[in-house]
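Student: I would like to learn how to read side-chain contacts, helix packing and surface patches in a model. Could we work through them one at a time?

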Amino acid sequence: MNPKILIIGACGQIGSELTQKLRAIHGADNVIASDINYGNLDVVNSGLFEILDAQDYSSMKICVEKYNIDTIYLMAAMLSATGEKYPMKAWDLNMDSLFNVLNLAKNKIINKIFWPSSIAVFGPTTPKENTPQYTVMEPTTVYGITKQVGERWCEYYHNKYNVDVRSIRYPGIISWKTLPGGGTTDYAVDIYHKALTDNHYDCFLSEHTELPMMFMDDAIEATVKIMQAPLDSIKIRSSYNLAAISFTPEHVVKSIKSHLKDFTVSYEPDFRQEIADSWPKSIDDSHARKDWNWSHHHDLEAITNEMLTNLKSLANQNS
C-alpha cells in the first residue's frame, strides 16, 4: 500500500519539485500538497492541495486526520538571508512547525517525518574542508540556529518517543523550475537567469567564495532515498551530511562563458558574504553514502547545461 503523504511548504523551491516527484512515485491521490497560499499553480493544480499554516497545530491535525496521513515532509521554513531580516519570525516559523510535526508523531497520529536541515548549522569555528558529520557547530544566523536546535530535538524525539524522523543537511540547491527563495547560495540560481536575460550579473558574493552545491534532481533523489531506506539503516537521527560538488562564483561564470562568451559579472558582496564565509567549503557525506547508499550525478558542467537549456526553453514558451 502507498502511504498517504502530506507535504507542508509544497510551493517552495524544494517542496514544489518534491511534490511532483512523490506524486509520480505514489500517485497524485496519495500526496497532499499544502502551503500558506497558492504560491505555485503547478503544484496546486496537479493534485490535492490544502491551505495550511505550519504554525497551527490544530489545523495540521485536522488535515492529517482528514486524509489519514501516514508521512509528513516538512519543507516550510524561512531561509538564511530572509531570516536575518526577520529573526523572530524565522525562529517562530522554523521551530513551531517542527514541534507541531514531531508532536503529531509522538502522539501516534503519523508514523514518519522528513525534516530538512542545512549546512547553515555550521559556523566559522567548523572545519572548512571536508566538514565531518560530527564536528563543532556554532551557527551565526537565525536560520542556522533553528536548524541546529531542530536537529537536537529530532534526535531527542527519536530517542525518547521512538519517532521515525529522518533528515539531511542540504547544501546550496540549484534549480531552473523555481525562482530563488531567500537563501545565501541563491546566487547560483539567479546567475543563470540573469545570464540569459541581461547577459550580466551583479554577484552578492565575492568571486572566490567556495560553497557546497547540488543540483535539484540530486537533492530530490536523496530526499526520496533516505525516506525509502529500511528503518535499521538510518543510523543518524539528528541529520546526515549531504554533498555533491563545491564551486565558487568564478567557477560558475567560467562554465556559463563556455556557452555565452559575452557574459559579464561584477562582484558586490553584501551582508550575505559574512554568512557564506561562516559556512564550509566542502562536506564529508560518507555516512550517507554508507548507510543508505547515497550518490550524486550532476557536476558543474551538467548543471550549467541543464540550467541554460531549460531556462531558454521556458523563455521561448513564454514569448
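Student: Are Asp 164 and Arg 166 buried or exposed?

Tutor: Some ground rules come first. This is a predicted model, in which local features need pLDDT of at least 70 and side-chain atom pairs count only at pLDDT 80 or more, while totals for chains, interfaces and linings use all residues. Residues are numbered from 1 along each chain as its sequence is written, and side-chain values use heavy atoms, with hydrogens and water left out. Buried means under 20% relative accessible area, exposed over 50%, and partly exposed in between, with a 1.4 Å probe and protein chains only. Asp 164 is buried, and Arg 166 is buried as well.

Student: Which contact do the side chains of Asp 164 and Arg 166 make?

Tutor: Side chains of opposite charge can pair when their charged atoms come close. A salt bridge is counted when a side-chain nitrogen of Lys or Arg is within 4 Å of a carboxyl oxygen of Asp or Glu. Asp 164 and Arg 166 meet in such a bridge, at 3.0 Å from N to O, and a network of salt bridges links Asp 164, Arg 166 and Arg 237.

Student: How many salt bridges are found in the whole structure, and what does the one between Lys 66 and Glu 50 tie together?

Tutor: The search finds eleven. In the bridge between Lys 66 and Glu 50, the closest N and O atoms are 2.8 Å apart. Lys 66 lies in helix H3 (residues 57-67) and Glu 50 in strand S3 (residues 49-51), so this pair ties together parts that are 16 residues apart in sequence. Here helices (H or I, at least four residues) and strands (E, at least two) are DSSP runs, numbered from the N terminus. Lys 66 counts as exposed, at 55% relative accessibility, whereas Glu 50, at 18%, counts as buried. Lys 261 and Asp 262 also form a salt bridge, at 4.0 Å from N to O, and both of these residues are exposed.

Student: How do helices H7 and H9 pack?

Tutor: Two packed helices are described by the angle between their axes and the distance between the axes. Helix H7 (residues 187-197) and helix H9 (residues 249-257) pack at an angle of about 30°, with their axes 11 Å apart. The axes are lines fitted to C-alpha atoms, for helices over the stretch in contact, and angles run from 0 to 180 degrees between N-to-C directions. Angles under 35 degrees count as roughly parallel, over 145 as roughly antiparallel, 65 to 115 as roughly perpendicular and the rest as oblique; H7 and H9 are therefore roughly parallel to each other.
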